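Biologist: I'm new to this one, so could you walk me through it?
Modeller: Gladly; let's put it on the screen and begin with the ligand.

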Amino acid sequence: MTGLKLYYFDLPGIAEQIRLTFRMGNIPFEDIRISMESWMTEHKAKAPAGTVPYLVLDNGSVLCESGAILMYAAARAGLIPTDPVHGAYAQQALDLLASLTPIMRRFYMEPNNKEEICAAMKARCVLIDKVIGKTLSADGYVAGNRLSYADISVYSWTKKTLPFLQHDLGREVLRECPALRRVTELVEKEPKIQAYYS
Ligand SMILES: N[C@@H](CCC(=O)N[C@@H](CS)C(=O)NCC(=O)O)C(=O)O
């Protein structure tokens, strides 16, 4: 079968934002969920940078790095701001959110250290919230007056990835982070997002 194939683990992590962006753009893709057991033996060697997510394109070429894959999905979905300043706001938010990934990895590598890791995650989110709070539009989007991939990334972290790591973490972050909360509430009202989880 040809078509887009997205490889990731069976969890939200840093791929959920990509899945949701494809969904928002009605772009079909195969959502391939790799089991942790088969990762080292079958898949790691095939991943261009030895990590997931990676995306196999229609022409057979393979993209790695979640940010690059998200950009591809957002371009196809029409979710990249066209205004240069708004584009920079969106990229700024994405880069800041990507700085949560190394903290997320610690959840899996240091299972006995969860309290400290949760605190580090929350502290980082509060900082990100302050920066994003300065770029929010009057309507509450990260970049300009319409939805972009940056809003989807915020939602994906606060409502899916953080709660998956630790049940209350997403809720606590949303309580302490007014800008992230505002964006999350907007994205959660999107009919296609609601349909995806129904
Ligand atoms: N900068 C990379 C980070 C990718 C990454 O750390 N992926 C993790 C899962 S979230 C992974 O592949 N872990 C398995 C491994 O490193 O063997 C990206 O954004 O795609």
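Biologist: How do the residues of the shell around the ligand divide into nonpolar, polar and charged?
Modeller: Keeping in mind that this is a predicted model, the shell around the ligand has three nonpolar, five polar and three charged residues.

Biologist: And which residues surround the ligand?
Modeller: Going along the sequence, they are Gly13, Ile14, Lys44, Thr51, Val52, Pro53, Glu65, Ser66, Gly67, Thr101 and Arg105.

Biologist: Which helices supply at least two residues each of that shell?
Modeller: Those are α3, covering 66-77, and α5, covering 101-109.

Biologist: Staying with α5, at what angle do α5 and α6 pack?
Modeller: The angle between α5 and α6, which spans residues 114-135, is about 170 degrees, and their axes lie 10 Å apart. Because an angle over 145 degrees counts as roughly antiparallel, α5 is described as roughly antiparallel to α6.

Biologist: Which residues make the contact?
Modeller: From α5 there are Ile103, Arg106 and Phe107, while α6 brings Lys114, Ile117, Ala120, Met121 and Arg124. Sorted by class, this contact of α5 with α6 has five nonpolar and three charged residues, with no polar ones.

Biologist: Switching to the sheet, what is the order of its strands?
Modeller: The sheet is open, with four strands in the order β2-β1-β3-β4 and mixed pairing. Since β2 (30-34) and β4 (62-64) each have a single partner strand, they stand at the edges, with one side of each left without a neighbour in the sheet.

Biologist: In what sense do β3 and β4 pair?
Modeller: β3, residues 54-56, pairs with β4 in the antiparallel sense over three bridges, and Tyr54 has Cys64 of β4 as its bridge partner.

How values were computed: Residues are numbered from 1 along each chain as its sequence is written. This is a predicted model: local features need pLDDT of at least 70, side-chain atom pairs count only at pLDDT 80 or more; totals for chains, interfaces and linings use all residues. A residue is near a molecule or strand if its C-beta atom, placed from the backbone, lies within 6 Å of it. Ala, Val, Leu, Ile, Met, Phe, Trp, Tyr, Cys and Pro count as nonpolar, Asp, Glu, Lys and Arg as charged, and the others, Gly among them, as polar. Axes are lines fitted to C-alpha atoms, for helices over the stretch in contact, and angles run from 0 to 180 degrees between N-to-C directions. Angles under 35 degrees count as roughly parallel, over 145 as roughly antiparallel, 65 to 115 as roughly perpendicular and the rest as oblique. Two residues are in contact if their C-beta atoms, placed from the backbone, lie within 7 Å. Two strands pair if DSSP finds at least two bridges between them.
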